[in-house]
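Visitor: I am new to looking at protein models, and I would like a close look at one part of this one. Could you take me slowly through how neighbouring helices are packed and where the pockets are?

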Amino acid sequence: MRRLFVTAAVFCAASCATTGGAETGEDGVVYGADAESNLKKGDEALESKNFPEAQHYFEFVKTKYPFLDAAKTAELRLADVDFERDRFIEARDRYQTFIRLHPTHPKVDYAAFRGALSHYKDIPSDFFLLPPAEEKDQAEVQNALVSMQDFVRLYPDSTFVPEAKKIIDDVKHRLAEHELYVAGFYAKRERWPAVVNRLNVVAKKYSGVGFDERVAFELFDAYRALHDDAKAAETLRGFVEKNPDAPAAAKAKKLLGALGTPSSTPPPAAPDAGT
């Protein structure tokens with residue numbers, strides 16, 4: 001029994017030294033005497049981008065104080081550590097786990113927003129040696145859009161909603177640019193049905209992000225190339241009706257006039273009084 005006690009004491013001395021409630025772990029990190037002091041140390045390390053040390057503190061809190069609210073905070077901070085290290089897949093997994101385990105936590109919307117933001121941050125960069133953004137695979141851009149839209153739908157009262165909406169607009173702009181790039185690719189090869197399909201994607205899904213005028217006139221040209229003057233006119237009439245004061249509205253009306261088509265859809269005829 002005495003030998004067992006001595007062995008345990010030696011093991012404790014080897015694994016940690018205790019001074020006034022503080023502990024020095026095998027990793028050489030001096031831990032505080034309570035959960036809050038360690039969270040503070042972890043936050044300071046995270047702010048100074050000392051990510052390994054921050055992770056040590058948060059893991060210590062999570063392990064040593066599993067039944068305190070501080071442990072939940074530590075879980076969230078560990079996700080933040082991965083996020084700040086650009087380990088977005090790992091961060092997203094931690095945020096999603098936090099949401100699943102603590103759905104009523106006051107910061108669950110923060111976890112949801114950061115999880116969605118990880119998709120946005122993981123979008124391929126526009127580094128000058130790489131192809132332009134509109135030429136790259138758009139899978140992560142699409143993921144960012146879906147996840148941010150889900151966040152706004154699930155947490156409409158969150159303080160992060162305004163930022164999320166800005167990101168949604170930016171992501172839609174990127175996706176629209178990609179569709180326009182592909183439409184241009186097909187236009188150079190005079191594959192007009194494919195051009196129409198791509199432009200209609202922008203018109204239907206990404207209206208209002210800065211390309212409405214361009215889409216309207218490019219659709220007009222594509223329909224004309226397909227000898228579909230009715231669709232061409234319908235496209236420009238729609239643009240004029242939505243943007244009557246836009247400088248391009250005058251150009252649209254002139255083109256409609258050249259087609260012999262009114263610039264606005266006439267109202268339905270009144271029924272005959274005798275019928």
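Guide: What follows is a walk along a run of packed helices, with a stop at the pockets on either side of the account. Please keep in mind that this is a predicted model.

Two packed helices are described by the angle between their axes and the distance between the axes. We can begin with helix 6 (108-121) and helix 7 (139-154), whose axes come within 7 Å and cross at roughly 160°. An angle over 145 degrees counts as roughly antiparallel, and that makes helix 6 roughly antiparallel to helix 7. Their crossing is left-handed. On the helix 6 side the contact is made by D109, A112, F113, A116, L117, H119 and Y120, and these meet E140, N143, A144, S147, M148 and F151 in helix 7. Sorted by class, the residues of this contact are eight nonpolar, three polar and two charged.

Helix 6 and helix 7 also take part in the second largest pocket, together with helix 5 (88-101), each of these helices giving two or more residues to the lining. About 180 Å³ of space lies in this pocket, and 13 residues line it, with Q96, I99, A112, G115 and A116 lying nearest its centre. Two of these names, A112 and A116, have already appeared in the contact of helix 6 with helix 7. Helix 6 provides the largest share of the lining, five residues, and the lining as a whole has seven nonpolar, four polar and two charged residues.

Moving on along the chain, helix 7 packs in turn with helix 8 (residues 161-188), at an angle of about 150° and with the two axes 9 Å apart. Helix 7 and helix 8 are therefore roughly antiparallel to each other, and their crossing is left-handed. Here V141, Q142, A144, L145, M148, Q149, F151 and V152 are the residues of helix 7 that meet V161, A164, K165, I167, I168, V171, K172, R174 and L175 in helix 8. This contact divides into 12 nonpolar, two polar and three charged residues. If you look back at helix 7, you will find that A144, M148 and F151 touch helix 8 and also belong to the contact with helix 6.

The next partner of helix 8 is helix 9 (192-205), and the axes of helix 8 and helix 9 come within 8 Å while crossing at roughly 165°. These two helices are therefore roughly antiparallel to each other, again with a left-handed crossing. From helix 8, the residues K172, A176, E179, L180, V182, A183, Y186 and A187 meet W192, A194, V195, R198, L199, V201, V202 and K205 in helix 9. By class this contact has 12 nonpolar, no polar and four charged residues. K172 of helix 8 is worth finding on the screen, as K172 is listed in the contact with helix 9 and in the contact with helix 7.

Helix 9 leads us to the largest pocket, which has a volume of about 380 Å³. Of the 16 residues that line this pocket, A203, L219, T235, F239 and K242 are the closest to its centre. Helix 9, helix 10 (212-225) and helix 11 (229-242) are the elements that give two or more residues to the lining, and the largest share, six residues, comes from helix 11. The lining is made up of six nonpolar, five polar and five charged residues.

Key. Residues numbered from 1 in each chain as written. Predicted model: local features only at pLDDT ≥ 70, side-chain atom pairs only at ≥ 80, totals over all residues. Heavy atoms only, no water. 1 Å grid on protein atoms, 1.4 Å probe; cavity = no way out; pocket = protein on both sides within 12 Å on 5 of 7 lines; lining within 4 Å. Points joined across faces, edges and corners; volume = space filled by probe spheres on them. Helix = DSSP H or I, 4+ residues; strand = E, 2+ residues; numbered from the N terminus. Nonpolar A, V, L, I, M, F, W, Y, C, P; charged D, E, K, R; others polar. Axes fitted to C-alpha atoms, helices over the stretch in contact; angles between N-to-C directions. Parallel < 35°, antiparallel > 145°, perpendicular 65-115°, else oblique. Left-handed = near helix turned anticlockwise from the far one by under 90°. Contact = heavy atoms within 4.5 Å.
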